Amino acid sequence: MATSISDDPAGGRSALFDRWHRSLRTVASALLARAQHAGVARPDLDVSELLALAGGIALTSTSTGTSTGTGTPQAERLLRLVREGTECAQHAPGARE
């Protein structure tokens, strides 16, 4: 989003990005807190870490020229690795019940 907004000498780009960023962090924080409270997300996971991981996966999927929304095999694998790595041990694939 940050790079898709054209430059604006009046600072509109910066203001729009700041509002978008605050909104994204607010929603992501609430979702992460809910998942942590339910015991399905690691309690030591921080929203900044989660957003950085998601951003990296997004960059990976768009850098391959795929913008159809279907994802690339690499992006899908990265997403699976992140998901498995952020789950609590009792909810991770292969965890003992």
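Student: Where is Ala 58 placed, and what makes it count as partly exposed?

Tutor: In this predicted model, the place of Ala 58 is in helix H2, which covers residues 47-63. Its relative accessibility is 39%, and because partly exposed is the class between under 20% for buried and over 50% for exposed, Ala 58 counts as partly exposed. Ala 58 and Leu 78 are 20 residues apart in sequence, and their C-alpha atoms are 9.9 Å apart in space.

Student: Ser 61 is found in helix H2 as well; why is Ser 61 called buried?

Tutor: Ser 61 has a relative accessible area of 16%, and since buried means under 20%, the residue is placed in that class. Along the chain Ser 61 and Gln 74 are 13 residues apart, while the separation of their C-alpha atoms is 7.5 Å.

Student: How do you know that the rings of Phe 17 and Trp 20 form a pair, and why is the pair called tilted?

Tutor: A search of the whole structure finds one aromatic pair. The ring centres of Phe 17 and Trp 20 lie 5.4 Å apart, and the limit for pairing is within 6.5 Å, so these rings qualify as a pair. Their planes stand at 40°, whereas stacked needs under 30 degrees and edge-to-face over 60, so the pair is tilted.

Student: Where do Phe 17 and Trp 20 lie, and what makes each of them partly exposed?

Tutor: Both residues lie in helix H1 (residues 12-38), three residues apart, which is about one turn of the helix. Phe 17 has 27% relative accessibility and Trp 20 has a relative accessible area of 32%; because partly exposed lies between the 20% and 50% limits, Phe 17 counts as partly exposed, and Trp 20 does too.

Student: How do you know that Asp 44 and Arg 42 form a salt bridge?

Tutor: Side chains of opposite charge can pair when their charged atoms come close. For Asp 44 and Arg 42, the closest N and O atoms are 2.7 Å apart, and since the criterion asks for a nitrogen within 4 Å of a carboxyl oxygen, the contact is called a salt bridge. Asp 44, with a relative accessible area of 49%, is partly exposed, and Arg 42, at 35% relative accessibility, is also partly exposed.

Student: The search of the whole structure finds two salt bridges; what makes Arg 83 and Glu 87 qualify?

Tutor: The closest N and O atoms of Arg 83 and Glu 87 are 3.6 Å apart, and because the limit is within 4 Å, they form a salt bridge. Arg 83 has a relative accessible area of 57%, and exposed means over 50%, so Arg 83 is exposed. Glu 87, by contrast, has 16% relative accessibility, and with buried set at under 20%, Glu 87 counts as buried.

Student: What is the volume of the largest pocket, and which residues are the closest to its centre?

Tutor: The largest pocket has a volume of about 280 Å³. Of the 13 residues that line it, the closest to its centre are Ala 35, Ala 41, Leu 50, Arg 83 and Thr 86. The elements that give two or more residues to its lining are H1 and helix H3 (73-86).

Student: Which elements does the protein chain have, and how many of its residues count as buried, as a percentage?

Tutor: The protein chain has three helices and zero strands, with the order α-α-α from the N terminus on. Of its 97 residues, 18% count as buried.

Note on methods:
Residues are numbered from 1 along each chain as its sequence is written. This is a predicted model: local features need pLDDT of at least 70, side-chain atom pairs count only at pLDDT 80 or more; totals for chains, interfaces and linings use all residues. Side-chain values use heavy atoms; hydrogens and water are left out. Rings of Phe, Tyr and Trp (its six-membered ring) pair if their centres lie within 6.5 Å; planes under 30 degrees apart count as stacked, over 60 as edge-to-face and the rest as tilted. Helices (H or I, at least four residues) and strands (E, at least two) are DSSP runs, numbered from the N terminus. Buried means under 20% relative accessible area, exposed over 50%, partly exposed in between (1.4 Å probe, protein chains only). A salt bridge is a side-chain nitrogen of Lys or Arg within 4 Å of a carboxyl oxygen of Asp or Glu. On a 1 Å grid over the protein atoms alone, a cavity is a set of points where a 1.4 Å probe fits but cannot get out, and a pocket is an open set with protein on both sides within 12 Å along at least five of seven lines; lining residues have an atom within 4 Å of a point. Grid points are joined across faces, edges and corners, and a volume is the space filled by probe spheres set on the points.
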